Amino acid sequence: MGVRFIEELGGDAVMCEVDYPHGDSIWPDVRKAIDARIAGLPEDVQYKLRIASAERVYGFEASGLGRR
């Protein structure tokens with residue numbers, strides 16, 4: 001649902017979440033599932049959703065594993 005509203009909210013107001021370890025989460029196929037859902041968005045917005053917004057909100061630097 002959030003992907004549909006990114007244009008209205010802006011990429012800085014949205015980030016991906018996984019809900020691990022709950023049984024209805026998308027783990028262990030997180031990257032594949034997220035990539036499929038945000039594939040049509042510009043690369044800079046995809047980066048914000050995957051990494052940059054969480055870094056900004058939670059004050060950390062993601063490991064190189066999340067970067068392409």
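Which residue forms a salt bridge with R50, and how far apart are the closest N and O atoms? The partner is D35, and the closest N and O atoms of the two residues are 2.9 Å apart. D35 belongs to helix α2 and R50 to helix α3, so this pair ties together parts separated by 15 residues in sequence. The model described here is predicted.

**Overall fold**

The protein chain has three helices and zero strands, in the order α-α-α along the sequence. Its radius of gyration is 12 Å, close to the 11 Å that the globule rule gives for 68 residues, so the chain is as compact as a globular protein of that length. Along the principal axes, the C-alpha trace spans about 30 × 25 × 20 Å.

Buried residues account for 25% of the 68 residues. The chain exposes about 5,200 Å², and carbon and sulfur atoms supply 55% of that area. When contacts between residues at least 6 apart in sequence are considered, 47% join residues at least 24 apart. The chain carries 9 positive and 12 negative charges, and the mean positions of the two sets are 4 Å apart.

**Salt bridges**

Side chains of opposite charge can pair when their charged atoms come close. The structure holds three salt bridges, listed below.

| Pair | Closest N to O distance |
|---|---|
| D12 and K48 | 3.2 Å |
| R31 and D35 | 3.3 Å |
| D35 and R50 | 2.9 Å |

Salt bridges with shared partners join R31, D35 and R50 into one network. Within this network, R31 and D35 both lie in helix α2, four residues apart, which is about one turn of the helix. An α-helix has 3.6 residues a turn, so residues three or four places apart point the same way. D35 has a relative accessible area of 17% and is therefore buried, the cut-off for this class being under 20%. R31, at 29% relative accessibility, counts as partly exposed.

The remaining pair is that of D12 and K48, with 3.2 Å between the closest N and O atoms. This pair links distant parts of the chain: D12 sits in the loop between α1 (6-9) and α2 (30-38), K48 sits in helix α3 (residues 43-58), and the two are 36 residues apart. D12 counts as partly exposed at 47% relative accessibility. K48 also falls in the partly exposed class, with a relative accessibility of 25%.

**Helix α2 and its surroundings**

Which residues of α2 are buried? They are V30, A33, I34, D35 and I38. D35 thus appears in this buried set and also forms salt bridges with R31 and with R50. The buried residues of α2 pack against α3, the helix that contains R50 and K48.

C16 lies in the loop between α1 and α2. With residues up to four places away in sequence not counted, C16 touches I34, L49 and R50. Of these, I34 is one of the buried residues of α2, and R50 is the α3 partner of D35. The C-alpha atoms of C16 and I38 are separated by 9.8 Å, although the two residues are 22 residues apart along the chain. C16 is partly exposed, with a relative accessible area of 27%.

Note on methods
Residues numbered from 1 in each chain as written. Predicted model: local features only at pLDDT ≥ 70, side-chain atom pairs only at ≥ 80, totals over all residues. Heavy atoms only, no water. Rg over C-alpha atoms; globule rule 2.2 N^0.38 Å. Buried < 20%, exposed > 50% of the residue type's maximum accessible area, 1.4 Å probe, protein only. Contact = heavy atoms within 4.5 Å. Areas by Shrake-Rupley, 256 points an atom, 1.4 Å probe, with all protein chains shown as cover. Lys, Arg positive; Asp, Glu negative; His and termini not counted. Charge placed at Lys NZ, Arg CZ, Asp CG, Glu CD. Salt bridge = Lys/Arg side-chain N within 4 Å of Asp/Glu carboxyl O.
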